[in-house]
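Subject: Structure handover

Hello,

Here is the structure I promised to pass on. Please open it alongside this note; my findings follow below.

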Amino acid sequence: MNQQKTNFSNEQMLAFYRDMLRIRRVEEQIGKDAKAGNIPGAVHLYIGQEAVGVGFCSQLSDDDWIASTHRGHGHYLAKGGDSKLLMAEIYGREGGMCKGHGGSMHVADFSKGIIGANGIVGAGISITTGAAWAAQLDGKGAVGIAFFGDGAANQGVLCEAINVAQLWKLPVIFVCENNGFSEFSPSSTVTAGNIVDRAKPYGAAHEAVDGNDLIAVWQCAARAIKRARDGEGPTLIEARTYRQRGHVEAEASFLGSAYRTDEEVAEWIARDPIPAFGKRLLDAEQATRSDLDRIEKEIMGEVAEAVRYAETSPYPDSANQTTSYMFA
Amino acid sequence: MKMALKMPRIGMNMEEGTVVAWRLQPGESFKEGDILYEVETEKVTNEYEAPCNGVMLEHLVDEGDDVPVGDNVCRIDKTD
Amino acid sequence: MAKKRMIQAINETLHGEMAKDDKIILFGEDVEISLFGDTRGLKDKFGTRVRNMPISETVMSGMAVGAAAAGYKVVCHMMFGNFMYTGFDSIANQASKLRYMTAGQIELPIVYMGVFGGGRSAAAQHSDAMHPMFMNLGGIKVALPATPADATGLLRAAIHDPNPVMFLQAAGRGGESGEVPDEEQIIELGKASTVHEGNDVTMVAIGAMVRSALRAARKLAKDGIGVELIDPRTVVPLDSEAILASVRRTGRLVVVDEARDMCSAASHIAAVCADQAFYALKAPIRRVTVPDVALPYSPPLEKALLPNEGRIADAVREVLGKKAVEEV
């Protein structure tokens, strides 16, 4: 990790730390709840990848669009989503932002530019490209960011999207979070070449970045966002990171064998973006231990509040609400 | 050689065309490439060019008739 | 009233609506030059609101979702209906579900346009009648105009509908002309029209089949057989009430549909009537559809498979207990 002192104010650095830790603690709670049987459906956790979501979303406003993946809680929270609504949605309750109709894989808040998580691998790529076309027509400088994984990079739609985005100079950024796994298959077994190179034949801007280094991600994101806002077209970014948890929680209970070693996981946990960032803050004297402890405490309070909200929120009214939202 | 000329498929999705005007009356002779009639499809009016030299014998449809692709439009006597 | 061809009516409606509402945008393969003539002249008039797409149906159908989510009324021209299969993910998984999954957070005003059906030696991959597939998605309205007047009224309604709408125009019928009212007409999606009146048999015909059904009805009228011909105009929503009311009066039903028989619109309509008008039925319901095969190229083969006047008239005689007469 880059140890040089940055230009960010102490407040900004602490905000980065808080944003990452908030995602982490909320998701750890979701993981516990999944284990405890409090969550009706499958959950896919973002743990280990937080620096990517925060590095990008901390530079966006509600007018900018993001689309996410089935591993979408982190992007939702990073773009300003409410943890109470998130938790209630994952619990399948009326108090969720989708009133329990979507669940973990469909958390969205269009009022905040969060097109949402998506259960179809790669689907957010085309949707964001369309939102970016809308932003281009609006001419107000908004951008669209499609987060997707290395698995989704193997969907043909990525090539289609880079082609049209480059041709039309759309304000869109394709952010591949290469977390090493395409569901249960190591990337090396399903992916040829370097994903970032897939922009080259289209003449589109592209950049690879250490996805566990928040400052590096932020700087890379800033370049791409500027390019997009300036009308210079799309950028493909490959952020190398690691999925510390399984593809889906509780996967060990149904998988026949392991697809990675404990050593590999331990190696990446040692490179966890959040403790590294905390250490950097302390080393550079941009924060004190008590600052970090205070943030930890605030976040744990938020998590407890989110759980309380979710637990006390009623289930949706199955007698009257099952067909309510199909058509406007 | 006496033969009939059929309604061609001009548009990709054309099922029928409307013969909007005859350019050649029965008894008149024509050369390959001469315009025999105008046909209107969903998009535009096209001119039907004679595929050979010959003499117009008979109009099998009236102006304004909708003619399915492949149906006979007129009879001619092909000459060389 | 003025006599207009189907394609001309659609083209004029697009021009008219786009001139009135600058949030309407249109894109698709070759829309600038316009293969069918329906989008002719739009590029010159509306500039960047009209765009040619690369041949990339997967990204295209999803871009429509993104642009609609970002505030535009999107007309996405997919050219041949069969190409919608290539772009099906965003239609089936995104456009038709996003509103429901997010508990009504957004409206998705999208018109997916395309031509459908056989009769032109276009062979199996350009001739499907794919409306039943869309009927089963739940979240997409499906309009199939049979006349130029209905095309204008339905298209206008589709463009301003806050939901995704499939606008499927019978491929071979672009040149068909008919009277179109001078005043702007909006036809409510879900309202059937009675095309021919009669008391003996109810006939429901869909899309391109309406004309053949009407010819059969007129011929049968000369033989003293009264056919009440209903064109549902949209199969989602389906005006079941209009169909049921007629069936309850006549006690007999023939449904004519260009789709393959299995799970066709005809079989759904037959099922609805069997369920809800069973005691009014005096004879078994007859479906006149395409057998469960791909449509062939050679004209005699294709002709033999598509419903025609003769087969339709035979079905009517059959439900009346009269011997079918070979015709046409």
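Two strands count as paired if DSSP finds at least two bridges between them. By that rule, β5 (residues 110-116) and β7 (residues 165-170) of chain C pair in the parallel sense, over 6 bridges. Within this pairing, C:Val115 stands opposite C:Gln169 of β7(C). Please keep in mind throughout that this is a predicted model.

**The sheet in chain C**

β5(C) and β7(C) belong to an open sheet of 7 strands. The order is β3-β2-β4-β5-β7-β6-β12. The pairing in this sheet is mixed. As background, strands of a sheet pair through backbone hydrogen bonds, either parallel or antiparallel.

Which strands form the edges? They are β3 (50-52) and β12 (234-236) of chain C. Each of these pairs on one side only. From one strand to the next, the twist averages 20°.

A helix also packs here. α3 of chain C, residues 57-69, lies across β2 (24-28), β4 (73-80) and β5 of that chain. Its direction is at about 165° to β4(C).

**Chain C as a whole**

Chain C has 12 helices and 14 strands. Its C-alpha atoms fill a box of roughly 60 × 40 × 40 Å along the principal axes. The radius of gyration of chain C is 20 Å. A compact globule of 328 residues would have a value near 20 Å, so chain C agrees with that expectation.

Buried residues make up 61% of the 328 in chain C. Take the contacts in chain C with a separation of 6 or more: 78% of them join residues 24 or more positions apart.

**Two domains in chain C**

The domain assignment splits chain C into domain 1 (2-180) and domain 2 (193-319). Their C-alpha centres lie 26 Å apart. How many residues meet between them? 24 residues of domain 1 are in contact with 24 residues of domain 2.

On the domain 1 side, four elements give two or more residues each: α6 (131-135), β6 (141-143), α7 (148-160) and β7 of chain C. By class, that side has 14 nonpolar, 7 polar and 3 charged residues. Note that β7(C) turns up here as well as in the sheet.

**Chain A**

Chain A has 10 helices and 8 strands. Its C-alpha trace spans about 55 × 50 × 45 Å along the principal axes. The radius of gyration of chain A is 19 Å. The compact-globule value for 328 residues is near 20 Å, so chain A agrees too.

Of the 328 residues of chain A, 52% count as buried. For contacts in chain A with a separation of 6 or more, 76% are between residues 24 or more positions apart.

**How the chains meet**

2 pairs of chains touch, and the pair with the most contacts is A and C. There, 32 residues of chain A are in contact with 34 residues of chain C. On the chain A side, β2 (114-116), α5 (123-138) and α6 (157-168) each supply at least two residues. α5(A) gives the most, with 11 residues. The chain A side divides into 20 nonpolar, 10 polar and 2 charged residues.

Chain C also touches chain B. That contact takes 15 residues from chain C and 10 residues from chain B. The chain C side of it has 7 nonpolar, 5 polar and 3 charged residues.

What about chains A and B? They do not touch. Their nearest C-alpha atoms are 27 Å apart.

**One residue in chain B**

Where does B:Lys31 lie? It lies in the loop between β3 (29-30) and β4 (35-40) of chain B. Is B:Lys31 buried or exposed? A residue is exposed if 12 or fewer other C-beta atoms lie within 10 Å of its own. B:Lys31 has 10 such neighbours, so B:Lys31 counts as exposed.

Leaving aside neighbours within four places in sequence, B:Lys31 is in contact with B:Ala50 and B:Asn53. B:Ala21 is 10 residues from B:Lys31 in sequence. In space, the two are 18 Å apart, C-alpha to C-alpha.

Over to you.

Best wishes

Conventions. Residues are numbered from 1 along each chain as its sequence is written. Chains are lettered from A and ligands numbered from 1 in the order in which they are written. This is a predicted model: local features need pLDDT of at least 70, side-chain atom pairs count only at pLDDT 80 or more; totals for chains, interfaces and linings use all residues. Two residues are in contact if their C-beta atoms, placed from the backbone, lie within 7 Å. Ala, Val, Leu, Ile, Met, Phe, Trp, Tyr, Cys and Pro count as nonpolar, Asp, Glu, Lys and Arg as charged, and the others, Gly among them, as polar. A residue is buried if 20 or more other C-beta atoms lie within 10 Å of its own, exposed if 12 or fewer, and partly exposed in between; C-beta atoms are placed from the backbone. Axes are lines fitted to C-alpha atoms, for helices over the stretch in contact, and angles run from 0 to 180 degrees between N-to-C directions. Domain bounds come from an automatic or database domain assignment. The radius of gyration is taken over C-alpha atoms; the globule rule is 2.2 Å times the number of residues to the power 0.38.
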